[in-house]
Amino acid sequence: MNFSAWAIGKPTPSLLLFGLLTVAGLLGFRSLPVQDFPDMELPTVTVTAVLPGATPSTLETEVTRKIEDAVATVADIRHIASTVNDGSSVTTVEFVLRKNVQEAVNDVRNAVDGIRSELPAEMPAPIVSRVTVAGGAIVTFAVESDSLDEADLSWLVDHEIGNALLSVEGVGQVVRLGGITREIRVELDQTKLLALNVTAGEISSAIRRVQQESPGGRADIGGLEQSVRTVGTVRDAVAVASLHVPLDGGRRVRLDAVATVRDTAAERRHIALLDGKPAITFQVLRARGASEVAVVERARDKVAEIARAFPMVKLREVGNTIGPIVKSYDSAMQALYEGAGLAVVVVWLFLRDRRATLISAVALPLSVIPTFAAMSLLGFQLNTITLLALTLVVGVLVDDAIVEVENIERHLMGGKSPRDAALEGANEIGLAVIATSLTLVAVFVPTAAMSGIVGLFFRQFGWTAAIAVLFSLLVARLLTPMMAAYLLKPKPQTETQAGRIMTGYLKVVRTCLAHPAKTLGAASVLLVASALVGTLLSVTFMGAEDEDRIEIAVELPPASSLDDTLEVAERARRIAAAIPEVRSVCTSVGAGAAGDFGSAGSAGEVRKATLTLQLAPAAERERSQQQIEARLRGPLDAIPGARIVVGGDGMGEKVSVVLAGDDMSSLLAAARRVMSELRALPDLGNIVSRAGLQRPEVVVRPDFVKAAELGVTAAAIGDAVRVATTGDYEQDLPRLNLPARQIAIRTLLAPDQRGKLATIENLRVPGKSGAVSLGRIAEVALEGGPSQIDRFDRRRHVTIDIETQGRPTGDVLAEVDRLNSLQHLPAEVRRLKSGEAENLGELFGSFGLAMLVGVFCVYAVLVLLFHDFLQPITILAALPLSLGGAFCALALSGLGLSMAALIGMVMLMGIVTKNSILLVEYAIMARRDLGPSRAEAITDACRKRARPIVMTTVAMIAGMAPMAVWDSSGFRAPMALAVIGGLITSTGLSLLIVPVLFEVVDDFKIRIARRLKSAAAPVSAA
């Protein structure tokens, strides 16, 4: 069916169709969330086990290994990684991408439940969960109050503000930083406990039995049914102090006789500061699939509402991450508008007809706007990747309309009416238009099906670009001919004379046709030169971007106190605050459980701190983020006794070397050799590893003979030491019930007694004949142990992080790979491929496969359209002609091969193929329908199709020029430059090389046909 003729004869359905598509697209645009990059739904499950007070070595043996062995039996696992710290073990199970996330969670939960009886009985059940938030905090607020103290303000953030924000659409988590947690502390006097021969554990258990509410069954009084409840609770610290605690042997003791009871705060394990002043802040994290910009706006509205509800509290925003996202969105939309405008200007400059220009220009909005509706239905977002796809294809979208209009204009110049010109011109060019669009789709769709992390980036790009191209094809086949038939005016018949440029071009074409061997030889030399230029390019996964924030990680030696960390963090803050571009500094010292900072049972490390520097917007500062980071490193490195890392969390900012092995001594020795050689390499930033970090431990080793004689178990010793030094497990603590909350009652020794080794030795431990001194049955000594244990695929591993300082990650990895220590690792140590190295390998592997599949799909489409197996090779031969221009453009601009540049090359494949199709299709048609000689057909194709090829090429270059010239994000520019460079060389070369290849392939077909005919002749004669 000739759709163009149908649309010209019946314009109403086409107008109605595009009217509906435009409305749907505008509605879809309004509903699309705005994000930085696509949400990557990774099938990753975490298993978190918490046992406060347990050392990393203990947790590794008793918990982590058992969990790893259990989950290793689950199908489709890619990697298992564990991090073991004081009191906490986190095991991350990464599945292959095809695994359903919910199925992965269920499989891991079932595996962990199956070994629950093998885990420590006192440990709460491990938490199995999927990651529900996307990335880190997107906005941070500070809380102040003149009337509320720190404990009440912290509780207000945790419960009132946190719960209110969690009700906001798109908010995944609210995390408090700073503040304290209110707690009733029962600080025991060791001397009095010894006098009464009572243990700390007995006192804690007795308080728990006394201070509780218990259900009491059911009663029937007066013919009515009542529930029975035993209320054995008190309301304040004074009442807790006056409690009489029953002891063994019928004794009892009033609590304040052996302890000091205080209504105070839990031991401080975390401090937050804002520009050096103590503060309470809270961060809002986004749920997956939600718009980052929209969530921040909703959070701001909700915070304003909370401020009105609690007038005694002052809330102010101190930082957010959406500035670069909004800037990237605005610049992408601006590039889209500018590219579309420039493409239309180019059309007008070539056609010099307002009506023809209008018809071509209409194709842009009518191709882009309906694409938004499809994106909304597919669950896509307006992110860097999808906007990139639209800005890249903006020049392509007008191509089909340009080709149609130009061909119709040529028929008009022959004296035909607009209707006849539209009918004949659209019919003549129809196959070429369909072929060019379908080849583009055949290029984009394989990229949407790429595997791995790279595939998650390419998926939305491929489908967005393919859908936009299909809509442009629909416009070209329905709307463009119809508008041309009714809007263009008749023109007097004129004989078009070839200008000087066209005459010169055709002369060169005839020369090339006359010397095919020389022409193809020159093309081969250019291909070799292109390959050589490509080998000189640096390689990186994704270039570092200039953002408005910098993170500084501070780490002190194991056993450092919170005050020590605070002092070093403040020194680092003062250095950072002296930088003119730094607007504010948020400091987080220590760590704890999310939403429960300061809890004594939290598994935080007080020796670590994080400084978040909020920079001025990029337009208001002279130095980039990377330059500021380089300026900070020198002064920060001069701070003694601390390991300080500046930045390194963004794309392209660091690479990692991961070594694994079961023999810890060999592993540590190998890591030290690698780090020594790395530090000798030039132009690298900090080189950081936690290998071999030891921290002091108080180790209690029971004498099993003596312990057995006195009836003391190892479990009883552990309970006695734990309760005396940190209190009971969080879930076992008694609670003080208040009208709106519960406050934990923690029983432990007084602070001045917990700091002595002799106190631990004198602790009383329950035995069969009463409590005995710990020193009688065990040896107490100071020893060392690992501060953190990292495991990968059920082996211990050491990660060495290397800051690239803006250098391409591929170059850094190449230098690292050549290190002698990595070339000759011990047999029991192996290097794991992870991080940037794994991403780079996956990037080029997936890209290469997608290119091969794309070329095959293009070939298949061309065979089906042209019904020929050999001439499509002529069209595909233009693909390598584009590489030289792309490589040269990247090299001249100082850029390398990255994911962005490779996306541009994928785009280039389709564009270059389009130009060749226009030439070859007309040459085939001319020989078939008009009957000229082959040379005349080729020359006529060059004369009639060179102009639309040049028009579409210039329009595409104009469409991408804003990205190449004015893009400040650093992500879109490599892509645009690769396409522009490739277009320039491929267009010039394909206009000369493709005609020669067409002739060579046609000669080859003729020779094959003759041989087949001569081979068949004897058979026929026989």
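## Salt bridges

Arg300 is partly exposed in this predicted model, its relative accessible area being 26%. Its side chain meets that of Glu297 in a salt bridge, with an N to O distance of 2.9 Å. Both residues belong to helix 9 (residues 292-309), where three residues, about one turn of the helix, separate them. Glu297 is likewise partly exposed, at a relative accessible area of 36%. A search of the whole structure yields 38 salt bridges, and three further examples are described below.

Lys416 and Glu424 are joined through their side chains at 2.3 Å, N to O. Lys416 has 27% relative accessibility and therefore counts as partly exposed; Glu424, with a relative accessible area of 37%, is also partly exposed. In the salt bridge between Arg607 and Glu555, the closest N and O atoms are 2.9 Å apart. This pair connects distant parts of the chain: Arg607 is in the loop between strand 18 and strand 19, whereas Glu555 is in strand 17, and the two positions lie 52 residues apart in the numbering. Arg607 and Glu555 are both buried. Elsewhere, salt bridges with shared partners unite Glu60, Arg65, Glu68, Arg791 and Arg796 in one network.

## The antiparallel sheet

An open sheet of six strands follows the order 14-13-18-19-17-20, with antiparallel pairing. Its edges are formed by strand 14 (277-278) and strand 20 (643-646), each of which pairs on one side only. Strand 13 (residues 270-274) is paired with strand 14 through two bridges in the antiparallel sense, and Leu273 is placed opposite Pro278 of strand 14.

Helix 18 (residues 562-577) packs on this sheet. The helix touches strand 13, strand 17 (549-555), strand 18 (582-590) and strand 19 (608-615), and its direction makes about 170 degrees with that of strand 18. The sheet also bears on the salt bridge described above, in which Glu555 is located in strand 17 and Arg607 in the loop between strand 18 and strand 19.

## The mixed sheet

A second open sheet comprises four strands in the order 12-7-25-24, and its pairing is mixed. Strand 12 (259-265) and strand 24 (735-737) occupy the edges; each has a single partner strand, so one side of each lacks a neighbour in the sheet. From one strand to the next, the twist averages 25 degrees.

Strand 7 (residues 182-188) and strand 25 (residues 742-749) run parallel and are joined by six bridges. Within this pairing, Ile184 is opposite Ile745 of strand 25. Helix 7 (residues 200-210) packs on the sheet and is in contact with both strand 7 and strand 25, its direction making about 160 degrees with that of strand 25.

## Aromatic pairs

Three aromatic pairs are present in the structure. One of them is the tilted pair of Phe29 and Phe372, with 4.9 Å from centre to centre and 55 degrees between the planes. Phe29 lies in helix 2 (residues 11-31) and Phe372 in helix 11 (residues 354-377), so that distant parts of the chain, 343 residues apart, are linked. The two rings differ in burial class: Phe29 is partly exposed at 25% relative accessibility, while Phe372 is buried at 7%.

Phe141 and Phe282 form a stacked pair, with a centre-to-centre distance of 5.4 Å and planes 25 degrees apart. Phe141 belongs to strand 5 (residues 133-145) and Phe282 to strand 15 (residues 280-287); the pair therefore ties together parts that are 141 residues apart in sequence. Both members are buried, with relative accessibilities of 3% for Phe141 and 0% for Phe282.

## Cysteines and a buried threonine

The number of disulfides in the model is zero. Two cysteines illustrate the burial classes: Cys586 is buried, at a relative accessible area of 19%, and Cys857 is partly exposed, at 25%. The value for Cys586 falls within the buried class because that class covers residues under 20% relative accessible area.

Thr939 is located in helix 32 (residues 934-966). With 7% relative accessibility, Thr939 counts as buried. Leaving aside residues up to four places away in sequence, Thr939 touches Leu506, Arg510 and Leu513.

Definitions and conventions. Residues numbered from 1 in each chain as written. Predicted model: local features only at pLDDT ≥ 70, side-chain atom pairs only at ≥ 80, totals over all residues. Heavy atoms only, no water. Pairing = 2+ DSSP bridges. Axes fitted to C-alpha atoms, helices over the stretch in contact; angles between N-to-C directions. Contact = heavy atoms within 4.5 Å. Buried < 20%, exposed > 50% of the residue type's maximum accessible area, 1.4 Å probe, protein only. Disulfide = S-S within 2.5 Å. Phe/Tyr/Trp six-rings, centres within 6.5 Å; stacked < 30°, edge-to-face > 60°. Salt bridge = Lys/Arg side-chain N within 4 Å of Asp/Glu carboxyl O.
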